[in-house]
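Colleague: I am new to this structure and would like to get to know one part of it properly. Could you pick a single helix and take me through its surroundings?

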Amino acid sequence: MAAITTVEVVADWLDRSATDERVIRAFNAAHTYVLDRCTWPDGEPPPDDLVMAVCFQTARVLERRNSPDGTIGVNEFGVVRVGTRDADVADLMGPWRQPVIG
């Protein structure tokens, strides 16, 4: 399966440098996450949904370093935690998910 997108495209979308080691590592993790779970017809370019999923997941991974314990703050209801999954990424990947047979 071909690559979904490039670190340059994602870095541009994030307004970050494509040579920043943190961006490269976050991109690699996000790209692998999406690529391992999704497929599209051979010979066709990757769908825009998957490109956006990689962008969103890269941003999520980059921001996650600001919350190593899984919390992002405290409000009147208590501790605010980072969710385990990004609903937008899941929605974008949904139509392209590979069925799991096991």
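Modeller: Happy to; here is a close look at helix α1 and its neighbours.

Please keep in mind that this is a predicted model. For orientation, the protein chain holds 4 helices and 2 strands, and from the N terminus on its elements follow the order α-α-α-β-β-α. Along the principal axes, the C-alpha atoms fill a box of roughly 50 × 35 × 20 Å. Of the 102 residues in the chain, 31% count as buried.

Now to α1 itself, which spans residues 7–14. Which of its residues are buried? They are Val 7, Val 10, Ala 11 and Leu 14. Looking down the axis of α1, you will find these buried residues within an arc of 100 degrees, so they line one face of the helix. The general geometry of helices helps here: an α-helix has 3.6 residues a turn, so residues three or four places apart point the same way. As for what covers the buried residues of α1, the cover includes α2 and α3. Just after the helix comes Asp 15, with a positive phi of about 55 degrees.

Let us follow the contact with α3, which covers residues 48–64. The axes of α1 and α3 lie 10 Å apart, and the two helices pack at an angle of about 65 degrees. Angles of 65 to 115 degrees count as roughly perpendicular, and α1 and α3 are therefore roughly perpendicular to each other. Their crossing is right-handed. On the α1 side, Val 10, Trp 13 and Leu 14 take part; they meet Met 52, Val 54, Cys 55, Phe 56, Thr 58, Ala 59 and Leu 62 of α3. By type, the residues of this contact are 9 nonpolar and 1 polar, with no charged ones. Notice that Val 10 and Leu 14 belong both to the buried residues of α1 and to its contact with α3.

The other named neighbour, α2 (residues 21–37), also packs on α3: their axes come within 8 Å and cross at roughly 130 degrees. That angle makes α2 oblique to α3. This crossing, too, is right-handed. Among the α2 residues that meet α3 are Val 23, Ala 26, Phe 27 and Ala 30, while the α3 side includes Val 54, Thr 58 and Leu 62. The residues of this contact divide into 11 nonpolar, 3 polar and 1 charged. Val 54, Thr 58 and Leu 62 of α3 thus appear in the contact with α1 as well as in the one with α2.

Definitions and conventions: Residues are numbered from 1 along each chain as its sequence is written. This is a predicted model: local features need pLDDT of at least 70, side-chain atom pairs count only at pLDDT 80 or more; totals for chains, interfaces and linings use all residues. Side-chain values use heavy atoms; hydrogens and water are left out. Axes are lines fitted to C-alpha atoms, for helices over the stretch in contact, and angles run from 0 to 180 degrees between N-to-C directions. Angles under 35 degrees count as roughly parallel, over 145 as roughly antiparallel, 65 to 115 as roughly perpendicular and the rest as oblique. A crossing is left-handed if the near helix is turned anticlockwise from the far one by less than a right angle, and right-handed if clockwise. Contact means heavy atoms within 4.5 Å. Ala, Val, Leu, Ile, Met, Phe, Trp, Tyr, Cys and Pro count as nonpolar, Asp, Glu, Lys and Arg as charged, and the others, Gly among them, as polar. Buried means under 20% relative accessible area, exposed over 50%, partly exposed in between (1.4 Å probe, protein chains only). The arc is that of the directions from the helix axis to the C-beta atoms.
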